[in-house]
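Visitor: Please show me the model. I would like to ask how its labels are earned.

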Amino acid sequence: MRQAMTLTSSRVAWAAATVLIVTNLYGVTSAHADETPSVPPGTEATATAPVKVDPNDPDLKLPEGATLAEPKVLDIKQVVEDEGGEERREDTNADVKFALQAEVLFSKDSAKLSDDSKARIAAIADEIKKQNATRIRVFGFTDNLGSSAHGDVLSRQRANAVQDVLDEELNDAGITYEVRGYGEQYPIADNSTETGRKKNRRVEVSFPRTES
């Protein structure tokens, strides 16, 4: 009897922890950047090196009478970038992601948006409405110049500024936001050149796409 009660208590505790985690992630209608962000989805490090496969291994052969599964289309990424590289759009089967270079949104070392940059963000809000998205990620990034601590703060402030405009444009209490600043982490280009650093100074807005 005591063992059964212990198991029941463990299950209740596990369920409560699960509810707490889900509430923290999706329960806030509008929230600013987390000061201790986790790894952006899709960029997690691989635990081990890829396993080398021997194509002649007999264990890879189909057993007698077995058949292959029906073929399916894998996730395809389509990338569109304007001529100056100021704005980049990535589409996959599951998500849409916009990456805006910091220079087109903010002045140097600033998190204040210009009127022109607000218009760019409003255009992204229109796409969010088309996709009927209710979960939006806004992530800020910097290059590796200056201190890491300063980059963390600046990227977080810039992500917050973009989220504020999206929240105003969408005006939907049913939308939840995940807003984070990653500083110099997760560069998409070489930080040893100004061209690369310019690409790394960015704010990304991503959201699920409508299923077709």
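The talk below takes up the sheet, its helices and the aromatic rings.

Guide: Keep in mind that this is a predicted model.

Visitor: What makes E1 and E5 the edge strands?

Guide: Look at the order first. The open sheet has six strands, arranged E1-E2-E3-E6-E4-E5, with mixed pairing. Strand E1 (78–81) and strand E5 (176–181) each pair on one side only. On average, neighbouring strands here are turned by 15° against each other, direction ignored.

Visitor: How do you know that strand E3 and strand E6 pair?

Guide: Count the bridges. Pairing needs at least two. Strand E3 (residues 95–101) and strand E6 (residues 202–208) are joined by seven, so they pair. The two strands run antiparallel. Gln101, for example, has Arg202 in E6 as its bridge partner.

Visitor: Which strands do helices H3 and H4 touch?

Guide: Helix H3 (residues 115–131) packs on the sheet and touches strand E2 (87–91), E3, strand E4 (135–141) and E6. Its direction makes about 15° with that of E6. Helix H4 (residues 148–170) also packs on the sheet, touching E4, E5 and E6. The direction of H4 makes about 160° with that of E5.

Visitor: How many aromatic pairs does the structure hold?

Guide: Four.

Visitor: Why is the pair of Phe98 and Phe207 called stacked?

Guide: The ring centres are 6.4 Å apart, and the limit for a pair is 6.5 Å. The planes stand at 25°, which is under 30 degrees, so the pair counts as stacked.

Visitor: What does this pair tie together?

Guide: Phe98 lies in strand E3 and Phe207 in strand E6, so the pair links parts that are 109 residues apart in sequence. Both Phe98 and Phe207 are buried.

Visitor: Why is the pair of Tyr182 and Tyr186 called edge-to-face?

Guide: The centres lie 5.5 Å apart, within the 6.5 Å limit. The angle between the planes is 85°, over the 60 degrees required, so the label is edge-to-face.

Visitor: Are Tyr182 and Tyr186 buried or partly exposed?

Guide: Buried means under 20% relative accessible area. Tyr182 has 1%, so Tyr182 is buried. Tyr186 has 23%, so Tyr186 is partly exposed.

Visitor: Which residues do ring pairs link into a cluster?

Guide: Phe139, Phe141, Tyr182 and Tyr186.

Visitor: What makes Arg202 count as lying over the face of Phe141?

Guide: Distance is one test: CZ of Arg must be within 6 Å of the ring centre. For Arg202 over Phe141 the value is 3.8 Å, so that test is met.

Methods. Residues are numbered from 1 along each chain as its sequence is written. This is a predicted model: local features need pLDDT of at least 70, side-chain atom pairs count only at pLDDT 80 or more; totals for chains, interfaces and linings use all residues. Side-chain values use heavy atoms; hydrogens and water are left out. Helices (H or I, at least four residues) and strands (E, at least two) are DSSP runs, numbered from the N terminus. Axes are lines fitted to C-alpha atoms, for helices over the stretch in contact, and angles run from 0 to 180 degrees between N-to-C directions. Contact means heavy atoms within 4.5 Å. Rings of Phe, Tyr and Trp (its six-membered ring) pair if their centres lie within 6.5 Å; planes under 30 degrees apart count as stacked, over 60 as edge-to-face and the rest as tilted. Buried means under 20% relative accessible area, exposed over 50%, partly exposed in between (1.4 Å probe, protein chains only). A charge sits over a ring if NZ of Lys or CZ of Arg is within 6 Å of the ring centre and within 35 degrees of the ring normal.
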